[in-house]
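Here are my notes on this one, jotted down as I went through it. Have a look at the model first, then read on.

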Amino acid sequence: MGTSIDSTFTDANGSFAFEFDIDEDSAAVSISLRKTRYLVNNYSFTAYANQAYTLDLRLSPDLTTSAIVFGSVRDSSTLY
């Protein structure tokens with residue numbers, strides 16, 4: 001893919017950014033976001049030379065191992 005050093009950094013606005021050099025006019029890009037207890041998100045697109053892209057990348061909580069608990073909270077002043 002690249003012929004020189006590729007880089008990743010956080011830009012002045014706090015956004016994560018990456019740059020890479022390609023020897024072609026375009027490249028197929030795949031990005032996977034992974035974090036414990038979150039669903040994996042995969043993004044794929046074609047990047048063209050000398051273009052900038054803004055992606056709205058999000059992680060959603062993995063609720064497959066979650067539970068909803070119903071009940072009553074009682075303290076020492078509860079008389080029933």
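**Notes on the model**

1. Let me start with Y43, which counts as partly exposed at 22% relative accessibility (buried is under 20% relative accessible area, exposed over 50%, partly exposed in between, with a 1.4 Å probe and protein chains only). Y43 sits in strand 4. Its C-alpha is 5.1 Å from that of I31, with the two positions 12 residues apart in sequence terms.

2. Housekeeping: this is a predicted model, where local features need pLDDT of at least 70, side-chain atom pairs count only at pLDDT 80 or more, and totals for chains, interfaces and linings use all residues. Residues are numbered from 1 along each chain as its sequence is written, and side-chain values use heavy atoms, with hydrogens and water left out.

3. On the overall layout, the protein has 0 helices and 4 strands, so called from DSSP runs numbered from the N terminus (H or I, at least four residues, for helices; E, at least two, for strands). The pattern along the sequence is β-β-β-β. Of the 80 residues, 9% are buried.

4. Next, the largest pocket, which holds about 720 Å³ of space. Among its 25 lining residues, F18, E19, Q51, A52 and Y53 are the closest to the centre. Strand 2 (16–19), strand 3 (26–33) and strand 4 each give two or more residues to the lining, and strand 2 gives the most, with 4. A pocket here is an open set of points on a 1 Å grid over the protein atoms alone, with protein on both sides within 12 Å along at least five of seven lines; lining residues have an atom within 4 Å of a point. The volume is the space filled by probe spheres set on the points, which are joined across faces, edges and corners.

5. What is the lining made of? It divides into 17 nonpolar, 4 polar and 4 charged residues.

6. Y53 turns up again in a nonpolar surface patch with Y48, L55 and L57, about 370 Å² of accessible area together. Patch members have over 30% relative accessible area and no salt bridge, and nonpolar side chains are joined within 5 Å. Y53 qualifies on exposure because its relative accessible area is 37%, partly exposed. It lies in the segment after strand 4 (41–48).

7. Two backbone oddities to check: R37 has a positive phi of about 70°, and N50 one of about 60°; neither is a glycine. R37 is in the loop between strand 3 and strand 4 and is exposed at 68% relative accessible area. N50 is in the segment after strand 4, exposed at 80%.

Conventions
Patch = residues over 30% accessible without salt bridge, like charges linked within 9 Å, V, L, I, M, F, W, Y side chains within 5 Å. Areas by Shrake-Rupley, 256 points an atom, 1.4 Å probe, with all protein chains shown as cover. Salt bridge = Lys/Arg side-chain N within 4 Å of Asp/Glu carboxyl O. 1 Å grid on protein atoms, 1.4 Å probe; cavity = no way out; pocket = protein on both sides within 12 Å on 5 of 7 lines; lining within 4 Å. Nonpolar A, V, L, I, M, F, W, Y, C, P; charged D, E, K, R; others polar.
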